[in-house]
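Reader: Could you take me through the salt bridges in this one, slowly? I'd like to hear about the partners, and about where they sit.

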Amino acid sequence: MSIHPKDENLDLRYEVLNQLIANDSISFKKNNYIFISTLKTVSFNENGDSNEPRPLGSVLTYDTIFSRKDSVYYKNQEKIISDFRLDKAKIHEKLRYVTDEELNTLEENRKSDFWTEFHKKFGYICIRSFSVPFLIKIKQCVLFKVQLLVVI
């Protein structure tokens, strides 16, 4: 059993997510976007070994922004983010949600090609995915990843 630290930055993570969603250049107001609730992680590559297996997401290295002296802080964040579960009630915008599992099911159980099955289930929409915000120790900078899949 591993011990996971308490996320003291949880409110700040939701504040950043809400700002990203509210200020997105592609409006969610049209109600034709789906926000993927399975958010990708951020991890550190301590040894500079790019062959080391990592979860999907962003792999960082220590530099002038992410200082090695703060490595314990970043390792704790990495653990916290790996356990992050989106609380939809903390997202201010009314969004439609889909999980990676639902998309994988379309891929695995399809009777025709993926996009035909996707359109049957969701219509013609965009999928927007945000990573869990990863903060530097002094909280003046945040790292996040935004992905957009435009479905035509």
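Author: Sure, and keep in mind that this is a predicted model. Let's start with helix H1, which covers residues 10–22, so 13 residues by the count that defines it. From first C-alpha to last, H1 reaches 18 Å, close to the 18 Å expected at 1.5 Å a residue. Its buried residues are Arg-13, Tyr-14, Val-16, Leu-17, Asn-18, Leu-20 and Ile-21.

Arg-13 brings us to your topic. Searching the whole structure turns up three salt bridges, and one of them pairs Arg-13 with Asp-7, with 2.8 Å between the closest N and O atoms. Both Arg-13 and Asp-7 are buried.

Now for Lys-69 and Asp-70. Their side chains meet in a salt bridge at 3.8 Å, N to O. Is Lys-69 buried or exposed? Lys-69 counts as exposed because its relative accessibility is 72%, and the cut-off for that is over 50%. Asp-70 has 12% relative accessibility, so Asp-70 counts as buried, the limit being under 20%.

That leaves Glu-117 and Lys-120, whose closest N and O atoms are 3.3 Å apart in their salt bridge. Both residues lie in helix H4 (residues 114–122), and they are three residues apart, about one turn of the helix. As for burial, Glu-117 counts as buried because its relative accessibility is 14%, whereas Lys-120 is exposed, with a relative accessible area of 62%.

Key: Residues numbered from 1 in each chain as written. Predicted model: local features only at pLDDT ≥ 70, side-chain atom pairs only at ≥ 80, totals over all residues. Heavy atoms only, no water. Helix = DSSP H or I, 4+ residues; strand = E, 2+ residues; numbered from the N terminus. Expected span 1.5 Å × (residues − 1). Buried < 20%, exposed > 50% of the residue type's maximum accessible area, 1.4 Å probe, protein only. Salt bridge = Lys/Arg side-chain N within 4 Å of Asp/Glu carboxyl O.
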